[in-house]
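Me: Could you walk me through this model and tell me what stands behind each label?

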Amino acid sequence: MNLETLMFYLLSALTVFAALRVITSRNPVHAALFLVLAFFSTAGIWMLLEAEFLALTLVLVYVGAVMVLFLFVVMMLDINLERLRVGFWKWFPFAAILAVVLLVEMVMVLGSSSTAGTNVNVAKHAADYSNTKELGRLIYTEYIYAFELAAVLLLVAIIAAIALTLRQRSGTKHQVQGDQIQVRSKDRVRIVSMPSVARPDTRK
Amino acid sequence: MSYFSTLAPAYAEIFLLVMACIILIVDLFVADRQKSATYLLVQLTLVGLALITVYTYQPGIAHLFKNMFVDDLMSDVLKMLSYISVSMILVYSRSYLLARGLFTGEFMVLTLFALLGMMVMISASHFLSMYIGLELMSLSLYAMVALQRDSAVATEAAMKYFILGALASGLLLYGMSMLYGATGTLDVNAVAAAIKHGVANPNLLVFGLVFVVAGLAFKLGAVPFHMWVPDVYQGAPTSVVMLIGSATKLAAFAFVMRLLVDGLQQLMIHWSGMLVILAVLSMAVGNISAIAQTNFKRMLAYSSIAHMGFFLLGVLSGGIDGYGASMFYIVIYALMSLGAFGMITMLSREGYEADTLDAFKGLNQRSPWLAFMMLLLMFSMAGVPPTAGFYAKFSVLEAIINTGHIEIAIIAVLFSLIGAYYYLRIVKLMYFDAPESHEPIRIQPDSGLLISFNGLAVLALGIMPGWLMTVCAMAVQKSLLLH
């Protein structure tokens, strides 16, 4: 077992552990932080696969941006976990049996001798090989169709998010920029001339 | 030849994307609450799409974008039918949505994006474009189900649809990644070639296949992956259910054909066994559960599960006959479900949803013509001759008997008989019961005309099914590479 294989198993074990803790930890903030750990160790696995750019993007985008937002939301919501878990233990045995059966089946199929030996030894790239350049080239040539469609998918997500959250209620206080620009000083300040009558002195 | 002219097979998709973006912007300047300008623009876009598809027709199979996109007769036929059904949905649902304040620009734009997703699915010959098309369609649909924000039922339906849809996508992706692992390619035709030449590991292939079939069954709503269907059908606005129940089924048909037949034809011995279980369970659960329903939309949901079971029978019998019959079945089913949901939108009015069985009581006294159209649609769903539903069931049964599975055909007929009960109950309610309300039914001229066309088409296609059957068989024969 060389170092690379050792690293792979280490990172994989870490990913599985973190993923398990995401769904089992009682505190939602802990769960979110374990998800960050899962992303980190997955990024490590991608690094082993020589997908450096993707690994960095995963950390930057998911850990840096998405998970921070996620944590904000989790901290702002008052989630009562006890109420969410009502009925969990009632169905747990069924789910556990099903999961174990599925796991055993998967191990039997994927671990059997007939499946082994399908690993292809991929040739290593030279040191000056640029993963980023290659991805950029492929995205805009071979995968242009999928790339464009993924952009449309994001557009749909934007439209859906706005359509589902934008509410135009009456009686809300908001700024109207047009009116703000057109406002003149004499609309705001009214100079009233008062007769200058001396007040009776009350300080005495 | 310039680069732009090489894109000819994909002109329809490009046009739709451009128009959807234009409509999104134009809609901002439409002050009218009725949104007539946006509506007209959407309908014109659909007409334009139909013209483009006709004009860019070419007899062969054209691949584009490094085999990610395929244009053949089957895709042209299914795309044309999708345009027609989306156009019909908008006509049916206009006054229904206006009464509920849902007839917004976003609704129409999301409909167009859902259509784009369906077109991508129909023309996909690469796992990547298949998946992105499916997600594009599903994402638009999730949002459309949730559009009725103040309704708790609609929000619950959207939540269930979203979570189970995401789970199904996960299953599908996992299966696809296994197939990729076994064959080393995502291109459907290359996958087929790799399997044929014995390069791929058979164990890994079947392992991936199980997940792919489970994902497909989720999307089709076949038992035991059907739990979302009744809740979504009941909770979502009827116009959105109409879209889920008609046009998306056409896209799902293409998806099944491209994935299972074009890509995994060599594994048919494995997947046909899985489809038998799905089909028989769907027919049993769908037809028996539908009897107990008092909500018409929920009943149609269980009926759709049963119909999907029947459709899968056509797929598993294989060959030009089987695939042609299942294509015919899905087209007829889309037409029938458009009519049945269209009827709900026509009987509903502001503040009242005609989604209970009681809403149909005494319909004959209130509007004899509508009752007659409903009678035709229900007869067709039940498979009573001479309606189109009969011929659709007949051709699927013929295909399955020709493969020697007589026992499955007998089961299918028995469950269809059970299913006839709840369709005929609607007919009984309409003709032999006293109406519960005497509120006059106000029918818009356009949707009135459309429901007449819809009902009579079901009858006409039942009397003369030959040409549509020929089109389906030809589309399948010319498009699928049957090994």
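**The interface and the cysteines**

Reply: Happily! Between chain B and chain A about 2,600 Å² is buried, with carbon and sulfur atoms giving 80% of that area; buried area is the accessible area (1.4 Å probe) that two parts lose on being put together, summed over both. In chain B, the residues that lose the most area to chain A are Ile132(B), Arg149(B) and Phe207(B), together 21% of what that side buries. This is a predicted model, where local features need pLDDT of at least 70, side-chain atom pairs count only at pLDDT 80 or more, and totals for chains, interfaces and linings use all residues. Residues are numbered from 1 along each chain as its sequence is written, chains are lettered from A and ligands numbered from 1 in the order in which they are written, and side-chain values use heavy atoms, leaving out hydrogens and water.

Me: What makes a residue part of the contact, and how many does each chain give?

Reply: Contact means heavy atoms within 4.5 Å. The contact takes 33 residues from chain B and 26 residues from chain A.

Me: Why is Cys21(B) called partly exposed?

Reply: Its relative accessible area is 28%. Buried means under 20%, exposed over 50%, and partly exposed in between (1.4 Å probe, protein chains only), so Cys21(B) counts as partly exposed.

Me: And why does Cys472(B) count as buried?

Reply: Cys472(B) has 1% relative accessibility, so the label buried applies.

Me: How many disulfides are there over all chains?

Reply: The count is 0 over all chains, where a disulfide is a pair of cysteine sulfur atoms within 2.5 Å.
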